Structure formats: structure tokens, C-alpha cells
Amino acid sequence: MMPTEFQGGMSGWRMRRRQGVRYRLMSYARRVLKCSVAVIFAFAVSNAHAEDPLNVILILADDLGYGDLGVTGARGFKTPNIDRLGREGVVCTSFMAASPVCSASRAGLLTSRYPPRTGVVGVISRNQRDHLPLEEVTLAERFREHGYATGIFGKWHLGNHAAVWPLEQGFDEWQGTVGSNDMGPGRPSLQLRRAGKAGVEWVTQSEVSEINPDQTLLTRRTTDLAIDFIDRNQEGPFFLYLPYNMPHTPLFVSDAFSGSTVRGLYGDVIAELDDSVGRILDALERFGKLEHTIIAFTSDNGPWLIFGDHGGSNGGLSGGKKQTLEGGMRVPLVIRFPQSLKTELKRAQLDSRLCSGLDVGPTLFSLAGLSWNDRVKVDGSDISARWRRISPQEERQRPFFYFFERQVRAIQYGLWKLQVAHTDRHTPDVAKIGHGGVRGSVISVSRPQALYHVGLDPGEQVDRSGDAPTESERLSAYLDVARAIAATPKPAFLKVPEE
Ligand SMILES: [Ca+2]
């Protein structure tokens, strides 16, 4: 054994040097290890489900307003199952549908592109040949590329002919209505529409299998089909898109829910929708798939206010369906995260940051553990970083453009919204609001250029352009970009037989 003084004397400096080298080597090794662990962990975070992708269910209500869920303050009825989705995930309170009308909103949701880019800018009536072009890449096509089974049960409303129906747009299966539940060939009278006899076509795969299906059973039937699809695809993965017909007017509910709420028929209809969400949750639990499935719930546009008690609630926002005011496009987005994402995501949040229907696809893909193919230009992006415990990077703020057909109506950035001067032909006439299923009237209102702080003033009452010139300038700078998107040439629609 060496004497201590020998160590400390003759070779002391050498020992210290050796120790120093060893320390630096160990420190380096630790850093490398730490770094590798971080890289591996980050990789694991972003690809936790790359080998075993999660199932995805996207539920879309028709004309359900911002204030029509328990979690957003509904009165006169309850939505415990949809609220549960939020409690076990996230509720986005500044989520904008891509458009204030059905077809354009759905085109945006399924392609993640602003409606004018797709050519579907308004409502496709039963007698038009407009449709979502086959060249567009739908969410179903994207999921299918990753080996998913794809099903749609409910309303399509992106074209009237079999050549452009869901089976040509990435879905393996479809049962549901071609368009809204008041649409049929020709020009059905209001009386026929209200009676559920407008000639509504129910399609099975790509054949019309029924005319005027019993509308009191529409919600239950859609849910039954969804549960059957989940049952048959237990091996997964699957993408299930459920665009329910309700609560679009004319309202119909099954006997079991008739008179079940104090809100009246509208409340009964939402109660049945909520029960459907509960049945889907139960089925997933029964099949042992609940914790391997992401469930998102949203609406295609705001409430149809001219129907009064048969329309929904904008929850205190301004305006409703067909308007680019907040109430026309801001709807709830609720996403339930499965247990398998528990270590990655923070649950039970109210997320008030701006996002839109264009972001739904990339976000669901990221949550499911799939990589998004960038070959087609999309306007939405993955917003899931907001909810992750470890965020790779800060989310880049982006503006959101409000289009009505091919007009740029407003631009939002953060909590500021620049309204572009326009004529709003769909303002409900408060003196002539409908009742009991009878449609009310609208008036034309000129809306000036104005700047609103939609965080403090969601009713869009106070023009702040005078005291926030920097914000006005920042938002105005995006006008040219928005106008260029609005001016995208109309695609050549397929020549399908006209009736
Ligand atoms: Ca709608």
C-alpha cells in the first residue's frame, strides 16, 4: 500500500489530473447519457403509439351552439357524457369552425384547408353539383394510409352524387343522409320539411336505400351503426366519423327522450345526443378499447337563431349560423385523452387559446401517434403541444381567417379580431324570431370595419381601433394573404347528372 504522502507528494498533481480527466470523462458520459435519455424520451413522447396507433372517433353535431353543453353553461338540459369527455381531456373555448355553414365547415374539417381552397364555400343544396373535389385529401384518406379502418355514419353534405360520396373519399363504410335532414330533390315545401317528408335520402355505402327515414330514430340509428362498427373493428386501428343530423331543424327525438328536459324539444334532442356519446363510451369500455381511443366532439357551426326555441344557444356571444360574428363560428371542441396518453398530456383543462376546425386533423394525428404527410398544403396545424407536459417548442401564434363564401369577413390573432366592412344578410330579426319549428326572419345589417377584443368583449360591441392602432396594423397586414386564399379559382366540379 502506498504511503499517503507519496500519493499526495510526488504524484499528487498527476492524481488530481487523472481525477480531473476521469471527472471530465464521467461528466461527459453523464451528459451524453442524459442527452440520449432526453432524445429517447422525446422520441418516445412523440411516437408513443407509432407501433400501436390509437383509434380516433370524431363526433360532429349539426348547428349545436357554443352554449349548448353543460360545460359551456347550458341551461334546461344536461350533457354529463360530453362533459365527461372534457373532464378526462380538454375543452377548447376559443375553437372556430372553419365556416358558419354546413358544407364549407365540413370541407375545412376533413381537409384542414380553408374552404375557398377546396371550392366548397357555402351550403351545397340538393340541386347543385358542387362537391368536395376528389383531389382533396380527406382525413379518412390520411388515416387509411396508416392502415386504419374508416367509417362515416351520418350526414355527408359534401356532394350529391355517388361519384363524390364518402366511399370515393377514403371511407370504407357509410350509412347516412346525403345532406341536411330538411333536404330532398326538387324544392320540398317548408311544410314537408318540417314533417320530415322532404325526400331525405338515406344511403347505404353508395346506394340510396331509403327515402324519408323515420327521423325520430336518426340519432339512435347513427349510434347503433357506430357501435356495430367499433365491435367489428376491435382489432383496430379505426377512424370513426360521426356527423349526427341533430340538432339541425326540423328537430326529431325518439320516444325515450321526448319530454325529458325542461328546455323542450331542443333540450330533449341534445339529451339524446349526449346519451349517444355515453353509449359509445360504454361500448368502448365493454370492448376494452376506451383507453386506446381518442374521442373528439364538436359542431359544424353556431346555432340557427331564427328558429328561436328550436335553435341552440350562442352562450352570450354575438350572432349565430350564417354569420361571421363569434356565435356563428365559435363552437365547443372537447377531446378525451385515453389513459395511455396520461404521462404525456395534462388533463381537465379549459384551453382558451385560438384554434380552429383546420387544426383538428393534424392534432388528432399527432395524439394518435401518426405522422402527418405534408404533400398537400394545409392551413391547420398540430396544437397538441399545448397540452403536453414536455413541449418540444412553443406554439407559433397564427391568425385565423373568417370567410363567408369568398368574402374575407374578419381576421383574428390572439384575442383581437379585425372585422372587415361587409353586409350581413343573415342577422336574425328580433321582432320575428321563429317558434315551435317555424322559421323566423332575417334582416340585412351593414357591419363597418372594426377591431374587437373578443376576450373582454365576446359580444363584439366596442370598436377598439382608436386605442389599439398596433393591433389594427398587425391584423390588417394579413388581409392580402386572406384575400389571396378567398380568390382561389373554383375547381372544375365533376359533371354529374343534374335532376
Ligand atoms: Ca350545420
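**Sheet, loop and core in a predicted model**

Strand S4 and strand S5 (residues 173-177) run parallel and are joined by three bridges. One of the residue pairs here is Phe153 with Gln175, its bridge partner in S5. The model is a predicted one, so everything below is to be read as computed from that prediction. On its other pairing, S4 (residues 149-153) lines up with strand S8 (residues 238-243), again in the parallel sense, over four bridges. Ala149 has Phe238 as its bridge partner in S8, and Thr150 stands opposite Phe239 of that strand. S4 is mostly covered, with four of its five residues buried.

Zooming out, these strands belong to an open sheet of 10 strands, ordered S7-S6-S5-S4-S8-S1-S9-S10-S2-S11, with mixed pairing. The edges are taken by strand S7 (207-211) and strand S11 (349-351); each has a single partner strand, so one side of each is left without a neighbour in the sheet. On average, neighbouring strands are turned by 15 degrees against each other, ignoring direction.

Next comes the loop that links S8 to helix H9 (265-286), which is where Val253 is found. Is Val253 buried or exposed? It counts as buried, because 27 C-beta neighbours fall inside 10 Å and the cut-off for a buried residue is 20 or more. Setting aside neighbours within four places in sequence, the contacts of Val253 are Thr216, Ser258, Leu265, Asp268, Val269 and Glu272. Thr219 is also worth a look: Val253 and Thr219 are separated by 34 residues in sequence, while their C-alpha atoms are 7.6 Å apart in space.

That leaves the nonpolar core. The largest one has 112 residues, and those with the most contacts inside it are Leu58, Ala226, Leu240, Leu242, Ile294, Ala296 and Leu364. H9 supplies the largest share of this core, nine residues. Why does the core lie between domain 1 (53-399) and domain 2 (403-486)? Both domains give residues to it, so it sits between the two. Ala226, one of the residues with the most contacts inside the core, is in contact with Phe153, Leu240, Leu242 and Ile280, again leaving aside neighbours within four places in sequence. Of these, Leu240 and Leu242 are themselves listed among the residues with the most contacts inside the core, while Phe153 is the residue whose bridge partner in S5 is Gln175.

Methods. Residues numbered from 1 in each chain as written. Predicted model: local features only at pLDDT ≥ 70, side-chain atom pairs only at ≥ 80, totals over all residues. Pairing = 2+ DSSP bridges. Helix = DSSP H or I, 4+ residues; strand = E, 2+ residues; numbered from the N terminus. Axes fitted to C-alpha atoms, helices over the stretch in contact; angles between N-to-C directions. Buried ≥ 20, exposed ≤ 12 C-beta atoms within 10 Å, placed from the backbone. Contact = placed C-beta atoms within 7 Å. Core = buried A, V, L, I, M, F, W, Y, C linked by C-beta atoms within 7 Å. Domains from an automatic or database assignment.
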